[in-house]
Amino acid sequence: MSPAGEGDGWPQAPGAVRRIASGALPVLVALVDGLVVNGLTPGLGTWLALVAAGALLLRRRAPEAAVLAGLPGLYLGHIAFAPLIALYCVAVRRGHALVGVAGAAAVAVAWFLPHPAAGLSSLALDRETALLALDCCGVAAGVVVLGRSVRSRQERLRAATERRAWENQVLTERVLATERNRLAREMHDVVAHKVSLISLQAGALQVGRPGDTDVRTTARTIHELSAQTLTELRHLVGVLRTAGDPDAQGAPGTGLAGLTDLVRDSGLAVDLDVSIPPAPLPEPVERAAYRTVQEALTNIRKHAPGARARVRVRCAAGLHVEVHNTAPCRVSARPALPGGGHGLVGLRERAHLLGGDFHAAPAPDGGFTVKAVFPVGWTGPRHSAGASAT
């Protein structure tokens, strides 16, 4: 046989053999029982035993018919296995207990009554007759009880499987809802930050003199910011379309490595001081730290024009992020940007989802301070790097 043939046929063989064996073994046992009891010589008992054994092939679809087919062989041919196996199948496959009780009664009566029926008059109310009746009733009842117990166990397993599937579905829905909320916060952060930069550059165009050489540069900046915003929004919408895949990554450049570019493009006077380990931190933690700084800088542009900001990122029993700005030193000349009111709330929820903490409050110097702590499972900084952007 070719390797392809082996790969196509042999892996399915064990399952097929088991199914054939489970279906044929009871029939063979009943057949052997009938032939041993009635002998190989053709006769009424032998034929009834063969019929009872063959009827077991129907035990899964019509177990009652298998019981009825086995009763004549039990009464006339003195066989036992075929009717008892059929009775067991009735108890397993029929939910109503009365069906099993009726089958057990029929088997017990056929087993107890003597053959020929004329011998019924010879039965006496003595100890042997009582023991025979108890044996017949006990065996039939025991088979029914065994079948009912197996059915009960199967129902419990089925209920447990369904309950586990339901719990997994609920858990999956919760994970998807949490991931969609995270993506909604990501989109809010992206839009609020980039659009505020675009508005800032547009304001510079409005106050610029006609023919100013900086107009072309400012227009180019607006074009780049718009392109970056569209890129990040496309990425987040693409992730959202994957039904909240937990393995989906954030937008490119939204880790701690992107803080330098974020500060440089913010249009603010910012002192950046970062102390992080050489090994990368968990991606959700880095993304949350980046979004915290991004949202804080966006709020500074909106509410504290002319203020100077300080961004500090430290690793000490967790990742600590602090953004502080001084009091505003001038009134903004550009139109105020609309606020959704969800920025700080989203940052707080993000920190809590990661098992961290978030705090935002006015500072004594008239400015504002945003602090966030994200657990990373290690203590102490291993690498320090500083940068300043104005």
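1. Helix α10 of this predicted model covers residues 283-303, 21 residues in total. From the first C-alpha to the last, α10 reaches 30 Å, close to the 30 Å expected at 1.5 Å a residue. The helix is mostly covered, with 17 of its 21 residues buried.

2. Valine 293 belongs to α10. Its relative accessibility is 1%, so valine 293 counts as buried, the limit being under 20%. Setting aside neighbours within four places in sequence, valine 293 is in contact with Leu259, Leu262, Val311, Val321 and Val323. One of these partners, valine 311, is 18 residues away along the chain, and the two C-alpha atoms are separated by 7.4 Å.

3. The surroundings of valine 293 lead to the largest nonpolar core, which has 33 residues. The members that touch the most other members are Leu259, Val293, Leu297, Val311, Val313, Leu319 and Phe374. Two or more residues come from each of α9 (259-264), β1 (269-275), α10, β2 (308-315), β3 (319-325), α11 (343-353) and β5 (368-374). Of these elements, α10 gives the most, with 8 residues. In soluble globular proteins, nonpolar side chains tend to be buried together.

4. Leucine 259 offers a second view of this core. Beyond its neighbours within four places in sequence, leucine 259 is in contact with Leu272, Val274, Tyr290, Val293 and Val313. Apart from this core lies another, of 26 residues, among them Leu56, Leu84, Ala110 and Val143.

5. Helix α5 deserves a separate remark. The helix runs over residues 81-93, which is 13 residues, and reaches 18 Å between its first and last C-alpha atoms, close to the 18 Å expected at 1.5 Å a residue. Its buried residues include Leu84, Leu87, Cys89, Val90 and Val92. Leu84 is also among the members of the core of 26 residues.

6. Glycine 255 is placed in the loop between α8 (214-240) and α9. At 18% relative accessibility, glycine 255 counts as buried, because the limit is under 20%. Not counting residues up to four places away in sequence, glycine 255 touches Glu286 and Tyr290. Glycine 255 and arginine 287 are 32 residues apart in sequence, yet their C-alpha atoms are 4.9 Å apart in space. Tyr290 also appears among the contacts of leucine 259.

7. The count of salt bridges comes to 8. In one of them, the side chains of aspartate 261 and arginine 264 meet at 2.7 Å, N to O. These two residues are 3 residues apart in helix α9 and are therefore separated by about one helical turn. Aspartate 261 is partly exposed, with a relative accessible area of 38%, whereas arginine 264 is exposed, at 52%.

8. Arginine 264 also forms a salt bridge with aspartate 265, with the closest N and O atoms 3.7 Å apart. Aspartate 265 is partly exposed, its relative accessible area being 33%. A further salt bridge is made by the side chains of arginine 310 and glutamate 322, at 3.6 Å, N to O. This pair links distant parts of the chain, with arginine 310 in strand β2 and glutamate 322 in strand β3, 12 residues apart. Arginine 310 counts as partly exposed, at 34% relative accessibility. Through shared partners, salt bridges join Asp261, Arg264 and Asp265 into one network.

9. The loop between β2 and β3 holds alanine 317. The phi angle of alanine 317 is near 55°, a positive value in a residue other than glycine. Alanine 317 is exposed, since its relative accessible area is 56% and the limit is over 50%.

10. On the surface, Leu25, Val29 and Phe81 make a nonpolar patch of about 260 Å². Valine 29 has its place in helix α2, residues 13-38, and counts as partly exposed at 33% relative accessibility.

11. Figures for the whole chain complete the note. The secondary structure comes to 11 helices and 6 strands. Of the 390 residues, 35% count as buried. Among contacts with a separation of 6 or more, 73% are between residues 24 or more positions apart. The accessible surface comes to about 21,900 Å², and 63% of this belongs to carbon and sulfur atoms.

Terms used: Residues numbered from 1 in each chain as written. Predicted model: local features only at pLDDT ≥ 70, side-chain atom pairs only at ≥ 80, totals over all residues. Heavy atoms only, no water. Helix = DSSP H or I, 4+ residues; strand = E, 2+ residues; numbered from the N terminus. Expected span 1.5 Å × (residues − 1). Buried < 20%, exposed > 50% of the residue type's maximum accessible area, 1.4 Å probe, protein only. Patch = residues over 30% accessible without salt bridge, like charges linked within 9 Å, V, L, I, M, F, W, Y side chains within 5 Å. Areas by Shrake-Rupley, 256 points an atom, 1.4 Å probe, with all protein chains shown as cover. Salt bridge = Lys/Arg side-chain N within 4 Å of Asp/Glu carboxyl O. Contact = heavy atoms within 4.5 Å. Core = buried A, V, L, I, M, F, W, Y, C linked by side-chain atoms within 4.5 Å.
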